[in-house]
Amino acid sequence: MENRVALLGLVVEQPDSVEPLNALLHQYKDYIIGRMGLPYRERKISIISIVLDAPGDVISTLSGKAGMLPGVTAKAVYSKLTEHRDENTAG
């Protein structure tokens with residue numbers, strides 16, 4: 001299966017879900033390009049952005065598992081990029 005580049009957006013509303021979420025993300029560490037977490041203290045939530053380069057089914061599985069954690073909302077946005085192009089390749 002071909003890899004896709006995607007952004008996984010997570011909103012964590014229950015602090016008890018942070019540890020299992022981090023454990024889940026650790027399982028998928030080989031696919032994670034970068035991660036940014038923002039604690040929004042005024043609203044008592046955390047917002048996490050994960051950038052992935054992975055097969056579509058891996059992205060979907062991670063999003064589904066994260067979204068099943070209590071108080072976690074997950075949504076994946078996929079790039080239209082379909083293949084890796086080397087900068088030195090003509091065309």
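Two strands are said to pair if DSSP finds at least two bridges between them. With that criterion in hand, the tour of this predicted model may begin at a hairpin.

**Stop 1: strands β2 and β3.** Select residues 32–40, which form strand β2, and residues 45–55, which form strand β3. The two strands pair in the antiparallel sense over 8 bridges. To locate one of these contacts between strands, select P39, whose bridge partner in β3 is S46. Next, display the turn: β2 and β3 form a hairpin with 4 residues between them. Within that turn, K44 has a positive phi of about 60°.

**Stop 2: the nonpolar surface patch.** Remain on β2 and select I33, which belongs to this strand. I33 has a relative accessible area of 55% and is therefore exposed, since the term applies to values over 50%. Add L7, V51 and V77 to the selection; together with I33 they make a nonpolar surface patch of about 320 Å².

**Stop 3: helix α1.** Select residues 18–27, the helix α1, and highlight L21, L24 and L25, which are buried. Why do these residues lie on the same side of α1? They cover an arc of only 100° around the axis, which puts them on one side of the helix. Now display the neighbouring elements: the buried residues of α1 pack against β1 (3–12), β2, β3 and α2 (56–68). Then turn to the face of α1 directed away from its buried side, where the exposed residues E19, H26 and Q27 are found.

**Stop 4: S63 in helix α2.** Move to α2 and select S63, which is located in this helix. Is S63 buried or exposed? Its relative accessible area is 13%, so S63 is buried, the limit for that term being under 20%. Display its surroundings: when residues up to four places away in sequence are not counted, S63 touches L8, A74, K75 and A76.

**Stop 5: R4 in strand β1.** Finally, select R4, which is placed in strand β1. R4 is partly exposed, with a relative accessible area of 28%. Draw a distance from its C-alpha to that of L52: the two residues are 48 residues apart in sequence and 7.8 Å apart in space. L52 is also one of the residues in contact with R4. Leaving aside neighbours within four places in sequence, the other contacts of R4 are D53, A54, P55, G56, I59, Y78, S79 and L81.

Key
Residues numbered from 1 in each chain as written. Predicted model: local features only at pLDDT ≥ 70, side-chain atom pairs only at ≥ 80, totals over all residues. Heavy atoms only, no water. Patch = residues over 30% accessible without salt bridge, like charges linked within 9 Å, V, L, I, M, F, W, Y side chains within 5 Å. Areas by Shrake-Rupley, 256 points an atom, 1.4 Å probe, with all protein chains shown as cover. Salt bridge = Lys/Arg side-chain N within 4 Å of Asp/Glu carboxyl O. Buried < 20%, exposed > 50% of the residue type's maximum accessible area, 1.4 Å probe, protein only. Arc of directions from axis to C-beta. Contact = heavy atoms within 4.5 Å.
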